[in-house]
Amino acid sequence: MRKSHPVRRAVLAGAATVSGIVLLLSLKPASDPGSASAAGGAAPPVAAQSPQGGRGAGAGTVTGDAARTQYGPVQVRVTVSGGKITRAEAVQAPKGGQSDRVTADAVPKLNQAAVAAGNADIDAVSGATYTSAGYAKSLQSALDKAAAAAGSAGQESSGSGDNAGGSGAGQGTQVLTGDAAQTQYGPVQVRVTVSGGRITDVEALQAPKGGRSDQVTADAVPKLNRAAVAAGTADIDAVSGATYTSAGYTQSLQSALDRAGG
């Protein structure tokens with residue numbers, strides 16, 4: 001019996017291997033997403049993400065009422081988007097002496113807690129009981145204003161869309177920042193919220209500070225804010241002892257109202 005030559009065996013083995021590979025490739029099912037689509041299979045769906053994550057509550061920035069505490073006022077400004085708190089910050093907080101250290105430690109924690117909780121039901125920061133209580137109170141008033149504005153906007157949008165020549169109803173809510181007015185003691189800049197043609201909230205983004213200006217600003221700005229909302233225009237009286245701040249406030253407020261169409 002004649003033995004096969006070693007070279008011939010190697011050639012036959014190699015040919016068999018190549019044939020097997022070709023056969024396997026021709027029978028291999030499509031398994032990657034692109035092949036699945038080509039073969040008529042369904043590729044895994046990709047979820048579309050909504051940037052706001054909510055249902056039409058819109059966005060707005062509202063400042064709560066200043067809450068008086070044993071160590072000074074606390075006032076919170078909150079930004080709401082899609083029905084959720086996306087940002088919280090303290091516009092006013094106790095300062096001077098040990099209060100500076102307490103405020104620097106407590107306020108960032110309270111800001112984070114407000115965003116995480118989504119409401120004013122937040123725990124007090126250890127060592128800052130009064131500041132925490134004032135923060136929560138001002139935060140709640142801001143959320144109440146935001147809810148009222150959202151309700152008002154909803155009523156307006158459900159009403160008649162023909163408001164030509166009307167008195168401002170159905171205009172929705174606008175948040176507008178006035179020009180910074182330079183004064184002898186520093187710039188004053190006002191942001192105003194207008195809803196349905198009426199001023200619903202005013203806040204000072206900039207005001208004189210440092211030295212005695214801190215005391216003057218803390219006393220005058222809340223009064224000017226209330227006066228602007230009550231008057232509905234920039235025609236408000238100056239606060240006694242804060243003539244320059246009052247003048248800058250009304251100038252910036254008027255520029256904001258001009259942008260809102262008066």
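The largest pocket of this predicted model holds about 640 Å³ of space, where a pocket is an open set of points on a 1 Å grid over the protein atoms alone at which a 1.4 Å probe fits, with protein on both sides within 12 Å along at least five of seven lines. Of the 30 residues that line this pocket, Val-91, Gln-92, Lys-95, Ala-207 and Thr-217 are the closest to its centre, and a lining residue has an atom within 4 Å of a point. The largest share of the lining, six residues, is given by α5.

Local features need pLDDT of at least 70, side-chain atom pairs count only at pLDDT 80 or more, and totals for linings use all residues. Residues are numbered from 1 along each chain, and side-chain values use heavy atoms, without hydrogens and water.

Helix α5 also packs against helix α6, at an angle of about 40° and with the axes 11 Å apart; α5 is therefore oblique to α6, a word for angles that are neither under 35 degrees, nor over 145, nor 65 to 115. The residues in contact (heavy atoms within 4.5 Å) are set out below.

| Helix | Residue range | Residues in contact |
|---|---|---|
| α5 | residues 212–231 | Leu-224, Asn-225, Ala-228 |
| α6 | residues 243–259 | Thr-245, Ser-246, Tyr-249, Leu-253 |

Helices here are DSSP runs (H or I) of at least four residues, numbered from the N terminus.

Key: Axes fitted to C-alpha atoms, helices over the stretch in contact; angles between N-to-C directions. Helix = DSSP H or I, 4+ residues; strand = E, 2+ residues; numbered from the N terminus. Points joined across faces, edges and corners; volume = space filled by probe spheres on them.
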